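Colleague: Got a minute to walk me through this one? I'd like to start with pockets and then wander a bit.

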Amino acid sequence: MDQLRQFRHFIEQAEQVWTQIASSPRGKPVYTVNGVDYTPLPERYNSKRKISRIFRRYWGIKLTDRMIRNLDLRLIKGKLCVPYRAYPPLPMKVQSLHWKANRPNQKVVTAILSGGSKNMRIEYRLIRSNPTVAFTIMKRTGCDYDLRYRPQAQTTARQPSKRKSKPFQNGRNKLLKPP
């Protein structure tokens with residue numbers, strides 16, 4: 001039961017890290033670019049590398065990249081800025097946590113998160129590469145419904161590939177040409 005409590009605390013911290021960064025620059029100067037207000041991040045979050053290190057304490061590489069992309073960062077006057085807006089309540093508080101798979105280097109847990117408009121059932125896959133390394137969240141369900149983890153939008157439908165026609169070669173292809 002003690003390990004389950006540790007994972008509960010770990011997941012709560014992981015869910016809160018994005019909003020801590022996104023809502024950190026309150027009371028700072030606001031810059032308007034193309035009708036969107038931006039505000040600079042504090043010193044401890046003033047580069048993508050620093051933000052990535054903070055996210056990587058909890059999240060895998062793919063989820064870290066998604067979370068950074070969903071912060072809508074912009075460099076203005078030499079400062080890294082985020083849009084100045086109020087964020088809706090997001091599900092962050094773990095109501096309950098249950099094991100689905102409990103292996104030494106891989107855990108699959110189902111959590112019910114509250115804090116948003118409704119409770120959400122989320123499944124996490126936590127992996128560690130070495131017994132001395134901390135666990136990392138590699139997969140999370142429900143990403144499409146949470147603005148922190150949304151995948152990159154598909155801007156256009158997939159275009160059919162244009163194949164280059166090969167010129168006829170000497171030999172065999174000449175035989176196939178009609179006279």
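Modeller: Sure, here is a quick tour of the pocket, the strands around it and the cysteines. Keep in mind that this is a predicted model.

Colleague: OK, what volume does the largest pocket have?

Modeller: The largest pocket comes out at about 220 Å³.

Colleague: And which residues line the largest pocket?

Modeller: One stretch of the lining is Gly60, Ile61, Lys62 and Leu63, plus Arg66. The rest is Ile137, Met138, Lys139, Arg140 and Cys143.

Colleague: Which helix and which strand each supply at least two residues of that lining?

Modeller: Helix H3, residues 61-70, and strand S8, residues 136-140.

Colleague: How do the lining residues divide into nonpolar, polar and charged?

Modeller: Five are nonpolar, one is polar and four are charged.

Colleague: Let's move to Thr136. Where does Thr136 lie, and is Thr136 buried or exposed?

Modeller: Thr136 lies in strand S8. Its relative accessibility is 17%, and the cut-off for buried is under 20%, so Thr136 counts as buried.

Colleague: What is Thr136 in contact with, leaving aside neighbours within four places in sequence?

Modeller: There's Tyr58, Trp59 and Gly60 on the one hand, and Arg125, Leu126 and Ile127 on the other. Gly60 also turns up in the pocket lining.

Colleague: How does S8 pair with S7?

Modeller: In the antiparallel sense, over four bridges. As an example, Arg125 has Lys139 of S8 as its bridge partner, and Lys139 is one of the pocket-lining residues.

Colleague: Which residues of S7 are on the covered face, and which on the uncovered one?

Modeller: S7 runs over residues 120-127. Met120, Ile122, Tyr124 and Leu126 make up the covered face, while Arg121, Glu123, Arg125 and Ile127 are on the uncovered one.

Colleague: And how many bridges are there between S6 and S7?

Modeller: Eight, again in the antiparallel sense, with S6 covering residues 106-114. Leu113, for instance, has Met120 of S7 as its bridge partner. The hairpin of S6 and S7 has five residues between the strands, and Gly115 takes a positive phi near 125° there.

Colleague: Switching to cysteines: how many disulfides does a search of the whole structure find?

Modeller: Zero.

Colleague: Is Cys81 buried or exposed, and what about Cys143?

Modeller: Cys81 has a relative accessible area of 0%, so Cys81 is buried. Cys143 is at 9% relative accessibility and therefore counts as buried too. Cys143 is also part of the pocket lining.

Conventions: Residues numbered from 1 in each chain as written. Predicted model: local features only at pLDDT ≥ 70, side-chain atom pairs only at ≥ 80, totals over all residues. Heavy atoms only, no water. 1 Å grid on protein atoms, 1.4 Å probe; cavity = no way out; pocket = protein on both sides within 12 Å on 5 of 7 lines; lining within 4 Å. Points joined across faces, edges and corners; volume = space filled by probe spheres on them. Nonpolar A, V, L, I, M, F, W, Y, C, P; charged D, E, K, R; others polar. Buried < 20%, exposed > 50% of the residue type's maximum accessible area, 1.4 Å probe, protein only. Contact = heavy atoms within 4.5 Å. Pairing = 2+ DSSP bridges. Disulfide = S-S within 2.5 Å.
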